[in-house]
Amino acid sequence: MLEEAVAGSDAGAHVEAGRAALAAGEWEAARDAFQASVDEGPSAAGFEGLGVASRWLGEQEAAMRALQRAYRLHRRAGDARSAARVALQLCLGECYFHADVAVGLGWIERAERLLEGMEPGVEQGWLTLLRGHLALQVDRDPARARTHAGAARAIGHDSGAIDVEMMALALEGLAYVCEGEVDEGMRRLDEATAAAVAGELEDLDAISSCCCYLIDACKQVRDFERAAQWCEHVKGFCEQWSDRLTFAACRAHYADILIWRGDWSAAEAELRANLGPLADIHPNRIADGMVRLAELRRRQGLLEEASRLLEAADGHFLAPLVRAELALDRGDAAGAVHEAERALRRLPEGGLADRAPALEALVRARLAAGEADAAGEAAEQLRAIASRSGTTASAAAASFAEGVLAAAVASWEEARRAFEDAVDLYARAGGRWQAALARRQLARTLRALGHDEAAEREARAADEALRTLGARATAPDATKAPAGLTAREVEVLRLVARGRSNQEIAAELVLSVRTVERHIANIYDKIGASGRAARAAAASYALAAGVA
C-alpha cells in the first residue's frame, strides 16, 4: 500500500527541509515542505511535521488531521515510541484547543500503554510532564502537579533531554508558588525561563511553557516587578519566532498584571488584541479574555456591562469570583457568599495562591451577611497565605481583611491601624485600585473615631485615585441601594456606621429622633440585624456594602 511505503528521495528531502524550517521558526515554509513531502509519498515523518507546523500557524483542525494520520502510520510501522510521541501531541490539541479533556486523557493513556516496558526516555518525560500540566491547569491540584513535575525533571536529567528537564523545573516552580512556597518556586521559574530565552532549549512547546508558567506565577503572587521584566523578554521571543500561540496564552496573565497595576487602558488593549488570535487559534478559550474584561468593567463601575461579558465566560473558573464581587457591589450578600464559596470549591485546599482572591471576597460577603465568625475563619486563611507567601500584596490583603473585621465590631483603633497598613502595602505592591479602596475604608474609620479632617483628606485622596484610574463613583441611590434600602435609609445607615447617635443623626439630617428610630428599625429588619449587637452589625454591613 502507498501509505505504508517509505517516502522516496524527493519526499525525504522535503522532510529534511521542513525540519530545518521548523528549527528556524519559519512555519509557513515548514508547512509547505512537509505538504510537498506527503504529496510525493505519505509518510509518518511527513504528516507529523505537517501537524506540528500547522499547529504553530494556528491551523488547528489541519494539525489534528495530520497528526492523526502520522499516528496511524507510526502504528502500522510498529514504531510504538514515535506513535506515543504523536499521541501526546494529540492530547495537547484536544485539551488545549478543543477543551475535550476526556479525549486528551485518552491519548495520554494510549501513550503510556505504548511505552510500557521501554527504558525511560524523552517520551516518558513528556508524558509525565503533560500529566503534571493538566493536574495544575485543569484540576487545579498543585501538589499532584509538583509530584509529576519532579518525576519528569528526573527523567529529563537522566536522559539528557534539556527541554523536558527545564519545562519540568518551571512547572514544579509554578506548583510551589500555587502552594504558597514562593521563594522555592520563583528560583526554579527564573532558572528555567533564563534557559528558555537564552537559547538552551530547542523545543518550542517547552520554551513557551516556561515563559507562560513564570508570568502566571508572578500574577498569582502579584510580583509585578519581576513579571514586567520577564514580559519584555517574552514579547521579544514571540516576535523572533512569529509565535502567535505563546503570547495569546500569556496575554491573559499579563492583562491581570496590568489590571492590578491600574494600567487599565493597556490591559484592555492586550485583552482585545488577544480576542482575534484566540478566536482563530483557541476558539474555546475566548472566555479567558471575556472574564478578565468583565472584572475590568466591574472595577470601572460598569456593572451591567460586566454582567453581560460574564455571560460569554460562563463556565470559566474565574467567573464565580467575578460574580461574587459583582454581588457585593450590588449589596447582595447571600449571592456573594454563594459565588465566593463556589469559587473556593473549585480549588484544592493546598492551592494557596489561587484561593486568596476568593477568600478576600468571602470575608466581606460573610460580614455583609452578618456571619462574623465565618468571616473570621476566611480572614485567618488569608493570614496563613500571607505568612507563607511573604509577598507585599498578600500582606496587604490580610491587613485589609483584619480592618474590615475590626470595623465590624466597632474596634475603630484596631481598624485604623489595619487599614493604614493595607493602604501602605497595596501602594508598595503597585495595586492602585486596591490602595484607593483601602483608603476609603480608612476614611470611614477615621470618621467613626471623630477625626473628620483626616477622614476628608483620605476620602479626597481615594476619590482622586479612582478618577485617575477611570473608575466611576458608585454612591448608592434609591435604585442601587443594598438590601432594598431606600435612599434615606442609606443615609441613616451611613451615619450609624460612622458612630453617630440617634440624636446626632436627627440633627444632621434635620429629622425627628422618632423618625430616625423608625428608619433604623426598618434597616435592621431589611439586613437581618437584631439584639444588642444590631447596631454593630449594621455598621459592619455598611462597611462591607460600601455605603459607610
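Which residues in α6 meet L127, L130, R131 and L134 in α7? Keep that in mind while you set up the view; this is a predicted model.

**Stop one: α6 and α7**

Select residues 101-114 for helix α6 and 122-137 for helix α7. On the α6 side, show L105, I108, E109, A111 and E112 as sticks; these are the residues that meet the four from α7. By class, this contact has 6 nonpolar and 3 charged residues, with no polar ones. Now look at the geometry: the axes sit 10 Å apart and the helices pack at an angle of about 155°. Angles over 145 degrees count as roughly antiparallel, so that is how α6 runs relative to α7. The crossing of α6 past α7 is left-handed.

**Stop two: α7 and α9**

Keep α7 on screen and add α9, residues 162-178. The axes of α7 and α9 come within 10 Å here too, but they cross at roughly 20°. This pair is therefore roughly parallel, and its crossing is left-handed.

For the contact itself, select these two sets:

- from α7: V122, G125, W126, L129, G132, H133, L136 and Q137
- from α9, which they meet: D163, V164, M167, A168, L171, L174, A175 and C178

Sorted by class, the residues of this contact come out as 11 nonpolar, 4 polar and 1 charged.

**Stop three: the cores**

Next, go for the largest nonpolar core, which has 87 residues. Helix α9 gives the largest share of this core, 11 residues. Light up Y71, M186, L189 and L201, the residues with the most contacts inside the core. Then centre on L189: setting aside neighbours within four places in sequence, L189 touches A170, G173, L174 and V177, along with Y213, L214 and A217. Another core, of 48 residues, lies apart from the largest one; to find it, select A336, A396, A429 and A438, which are among its members.

**Stop four: two odd backbones**

Most residues other than glycine have a negative phi. Two exceptions are worth a click.

Start with R140, in the loop between α7 and α8 (142-159). R140 is not a glycine, yet its phi is positive, at about 55°. Is R140 buried or exposed? With a relative accessible area of 11%, R140 is buried.

Then jump to A410, in the loop between α21 (392-408) and α22 (412-429). A410 has a positive phi of about 60°, again without being a glycine. Turn on the surface for this one: at 38% relative accessibility, A410 counts as partly exposed.

Key. Residues are numbered from 1 along each chain as its sequence is written. This is a predicted model: local features need pLDDT of at least 70, side-chain atom pairs count only at pLDDT 80 or more; totals for chains, interfaces and linings use all residues. Side-chain values use heavy atoms; hydrogens and water are left out. Axes are lines fitted to C-alpha atoms, for helices over the stretch in contact, and angles run from 0 to 180 degrees between N-to-C directions. Helices (H or I, at least four residues) and strands (E, at least two) are DSSP runs, numbered from the N terminus. Angles under 35 degrees count as roughly parallel, over 145 as roughly antiparallel, 65 to 115 as roughly perpendicular and the rest as oblique. A crossing is left-handed if the near helix is turned anticlockwise from the far one by less than a right angle, and right-handed if clockwise. Contact means heavy atoms within 4.5 Å. Ala, Val, Leu, Ile, Met, Phe, Trp, Tyr, Cys and Pro count as nonpolar, Asp, Glu, Lys and Arg as charged, and the others, Gly among them, as polar. A nonpolar core is a set of buried Ala, Val, Leu, Ile, Met, Phe, Trp, Tyr and Cys residues joined through side-chain atoms within 4.5 Å. Buried means under 20% relative accessible area, exposed over 50%, partly exposed in between (1.4 Å probe, protein chains only).
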